[in-house]
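This report describes a structure for a reader who has not met it before. The sequence and the structure come next, followed by notes under short headings.

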Amino acid sequence: MRNLLFFSFIFLIVSTNKAKGCGFDYDPNANYYNLFDQSLISDKSLCLMLLDYSEPYYYAKGLEDLDIFKRNLASWQKHLKTTDPSLSVLLYQASLKTMRQMLGSKLSFDSTGTYWQNSSLVKAWRKGKNLDFYHYLIFAKTCEPHAEAYNSYWSEREVDTNVQAGLARQALQLAAAEEDPFLKERYWFHAVRMFHYAGHYQKAINTFENQFAKNSQSYIFYRAMEQAAGAYHALDSPKAPYYFSVVFGALPDRNEVCLASFKIGNQNLWDSAFALCQNKQEQANFHAMRAFQQGGLDIEEMELIYSLDKKSRYLELLAARQINRYERYFNPEGQNKFEDNYGDFFDRDTNEMEAYLKRFEKLLVKLSKSTNRNKTYFKLALSQVYVFKGRYRDVLKLLNKNKRLKGPLKAQAQVVHFQARLKLLDTLTDSNLSALENEYNSTPALAQHPQLRAYMLNSIYGPLFNKQQDTVRYFLCYNRVGALEYRIDLPLIKQLQKYYKANSASPLDEYLKQGVSTAQNQLNFYQGKYHFLRNQLDSAIYYFGLNPKEYYPVYNADAGMPDRSYPQIGRSIYNTCPTYAVKSSPFLKQTDSLSLNIKGLKTNYTILSLAQEMRNLEHRAKRNPDSAALYYLMLANAWVNMGGQGWYRMLHSEQGSYYTRNTSTWAPAFEFRYFTSKELYYYNPGIALNYVETALDLNPPNELKAKLAYVAQQALLEQGVQEEAGFYTITVTKTDYDELLLLDLAETSYAKQVIKACEWLSPIERN
Amino acid sequence: MKKTHLLALFITLAAGCTTSNKKEISFYHWQSNLNPSPNEKELLRQIAPLVVYLHFFDVEWNATAGLALPTAKLKVKQAFADGQKVVPVVYLTNEVFLKTNSLQQAQLADSLWAKCQRIWRGPLAQVEPLSALQIDCDWTLKTRAAYFQFLHRLKAKGLNELSCTLRLHQVKFREKTGVPPVDKTVLMFYNMGNIGQKGEDNSILNLTTAESYLGRLNEYPLPFEVALPLFNWAVQFRGSQALRIIYGLNAEQAIAENKLEQLSPNRFRINESTYLNGYYFYKNDELRLEQVQNKDLQGAISLLDKYSTKEYSLVFYHLTETISEQWPASKLLELAQ
């Protein structure tokens, strides 16, 4: 349930490409290899509109520092003929309170940390100079709290339309008295804005249309036009979308707002607004904005723009967006493309795109042959399209003619050229691998590319190693050894141990063997875990023991989680863990004391010392038949506690790890992919059930039997969950634990506790 | 067999004896303005709903501010009639719990509570203290811990009744998704089909899908109400790909103007690129109109009764000015019989 009605004065719904809702979170930008650099577009003022799959706008790092987003400040600097850094603080940060104290006191600092004594502007004011600017700022900062377009703060701040209208009238009076045309326009802007927010739409429009010079190119003129557009919108006028489109074209820092406010309700409104355009560039704004809005079809709008203006600045941008879309379609990350009911909703990488690709190629051919000064850019775009279409030799032919390229264009050409040659590989040999790796390592454009290495490993080398049945390298192209932790594959572990011991000086092997000592310890550990998961404790202890003691640090609450990423394993692993819903019931108290009277138990464990102690408990059970049932109950509890419901579920089945990706760095992930090992990576609840049944065969007292029946229920519940997830199928037990507990043992105090809590009856669906 | 009987008996006893299937009716109000029209007032008068769950605002993560902030706040122009029980609802995105730290989450509970109080006392002019609140959040495994902690904090504000919304998968996989620390839940019984799949006929209410999630409904440890859909929408497709949902689309005019070609009773193809309801459709895009009919809701209630012996009330989503055109009071009351 999601409310899409979003109140604001001039801003309407901000459309996004994101599907929100249930499902697992993932970053759609991390689902494909982006090898074509979108930032190559020559008009950087359009960079907000580059394609981003997870955000509606492309907020690249450092974007806010571009000058194009500081036009307001630049206009003040030009007007005041100063570059004093305090100007920015005065405009954007200084509070009204600070401003009011600025003249009448010796104010040196305020919360912004600015040392006002050093400000040339403040010094001038204190000498009685340039006070028009000072008074203007006081007025602007007075208006600001009344100009909240969004009511999106926790504190309630209802705007008062009477105050707004009063400020608008005051702004007109101040404008009339002001001689400086720069400040005069600024006052008019406030008048338009305040009239608009007060709901006096016609007055806002009249102020804008009658006061500002029609040919003004100033920053504040366009900001006032944007406000007038909001007022026109309230009156359903076609001038609203037209004005928003003009401001969109003029002010990069208002792209986001104008695009969100560019609303066309019906075809007639589009036609009327489009008819207001003064030239083809303005018409191109309309098509570009439609392309950028959710559901926009870039290629169609590109063709329309091309028919209007072959040199339109939007063509480069739309081409970059198109290529990005195709990359997502043609270069999905890995082979197991993420598929679920939610992830691809609102995306458009379907087979339809192949049909559009033909149209795109046709247009790029025209653009790359035209007299455009940016025809090289379109040639690079075309070469990338040839890669998509499998025309690799055409890529080489096209780019071989452009050897005099420089800078980012040259780097892009190197990437596409390299990509085409990778695609042409059909086998990997020592010689071609060495040549490719040497070229990769010695060419900055390749080696520094953030995603090319991952693309090479996952999309080129990996499939070829697989074809050549080179299992170890195939595995290492996609995974780090750590990925085996949750998909333990014994034959592969042995092959990896052999690979790490072998000497190889090839550049690729050097890369794949990074961190070899850690990897060897990990492999010993996984081999131990392989046996531990099967309750083969002697073997587990042997392999765990091959690593130095420091590999298994004991959890220290003060130091936090150790690198081995195991939580604290405490003695309570032997106690019964009730299901979530009864954790708060008194029942819990009855479960928490099993191990208290057992001598010699450790307080905290590493995985190694736990395995050792579990082996000791088994030995104790065999040596002491009278207490054996209790030891078996403790061991059954220990196994259940390693499951999804237990106190120590992180021990084997780190919750969520199966779904976790590590693609942000574009390095091989700690995730097992491309192998369909059926080896255990979750604990087998059958082990706990075996202990229960062995204990029941010893005919223990009824209270203990009841506890055994309960823990068996927990194991069965875990089996149910694991079966649901496709990990295990339910094994049939010889005892009916429902019946045992609810009928045969119903009079035990433990069964009474359970029945009172009652929630545990969850495997009901099996009936 | 013996075991089955035993458990059935156990459940029946636990559920208590019920003799009537008649259900109470409540409504969601999810519009941005509270200004009941004459039609809405009449509908409420005839039905006398138990509760109107009134959407107060959303909370979303604001990346620019680096804060969780309220959006889509309710504007109150006119309140409901005196005596109508109202429970505020706040929707929070998962991102809120993913991006905030524990300190911010604690502050969030305080801020949200304070804001609800102000709306309650201020624009809604309620005299009685605010004692019930509903939180709507489609929590995931990643957000569960933070969300549940947040609910604990809210409950500690002294609410008599804290409720939250519940999705079908959270009933079926409750060990994995957790059971929220609230007094009761509202099971969202809609949006259950595969909306993005072209072959899907009605993603709003798909009883086959629903049934596969209901096996454990009766044993859900919290009392629940069931939210049923009273809305229609259209899904826009390009090729085989769903692009977006369009609410309240009136296709009749476009059909009359020959801009739409009917492919099946609820599917249309765009003949000529055009704007409809504020959205642009390119030639060859397709539309799937999805509606909920009376028989669908009857089927839904029968299915729920099949899997639950517990009493539950119906919450209709959602109250609009035109709701009574398709759903007059008599129909809704009949459904609840």
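## Nonpolar cores

The model is predicted. Its largest nonpolar core has 126 residues. Within this core, the residues with the most contacts are Leu90(A), Tyr314(A) and Phe360(A).

Leaving aside neighbours within four places in sequence, Tyr314(A) is in contact with Leu46(A), Phe248(A), Gly249(A) and Ala284(A). The same list for Tyr314(A) also holds Asn285(A), Ala288(A), Phe292(A) and Ile305(A). Another core, of 100 residues, lies apart from the largest one. Among its residues are Phe80(B), Leu187(B), Tyr190(B) and Leu222(B). In soluble globular proteins, nonpolar side chains tend to be buried together.

## Chain A

Chain A has 767 residues, and 55% of them count as buried. Its secondary structure consists of 33 helices and two strands. Of the contacts in chain A between residues at least 6 apart in sequence, 67% join residues at least 24 apart. The accessible surface of chain A is about 34,000 Å². Carbon and sulfur atoms account for 49% of that surface.

## A residue in helix 8

Helix 8 of chain A covers residues 201-211, and Thr207(A) lies in it. Is Thr207(A) buried or exposed? Thr207(A) has a relative accessible area of 6%; the cut-off for buried is under 20%, so Thr207(A) counts as buried.

Not counting residues up to four places away in sequence, Thr207(A) touches Leu172(A), Trp188(A), Ala191(A), Val192(A), Phe195(A) and Phe212(A).

## Chain B

Chain B has 337 residues, of which 56% count as buried. Twelve helices and 18 strands make up its secondary structure. Among contacts in chain B with a separation of 6 or more, 71% are between residues 24 or more positions apart.

The C-alpha trace of chain B spans about 60 × 60 × 40 Å along its principal axes. What radius of gyration does chain B have? The value is 21 Å, which agrees with a compact globule, because a globule with 337 residues would have a radius of gyration near 20 Å.

## Surface and charges of chain B

The accessible surface of chain B is about 14,000 Å², and 49% of it belongs to carbon and sulfur atoms. Chain B carries 37 positive and 32 negative charges. The mean positions of these two sets of charges are 6 Å apart.

Key
Residues numbered from 1 in each chain as written. Chains lettered and ligands numbered in written order. Predicted model: local features only at pLDDT ≥ 70, side-chain atom pairs only at ≥ 80, totals over all residues. Heavy atoms only, no water. Helix = DSSP H or I, 4+ residues; strand = E, 2+ residues; numbered from the N terminus. Rg over C-alpha atoms; globule rule 2.2 N^0.38 Å. Buried < 20%, exposed > 50% of the residue type's maximum accessible area, 1.4 Å probe, protein only. Contact = heavy atoms within 4.5 Å. Areas by Shrake-Rupley, 256 points an atom, 1.4 Å probe, with all protein chains shown as cover. Lys, Arg positive; Asp, Glu negative; His and termini not counted. Charge placed at Lys NZ, Arg CZ, Asp CG, Glu CD. Core = buried A, V, L, I, M, F, W, Y, C linked by side-chain atoms within 4.5 Å.
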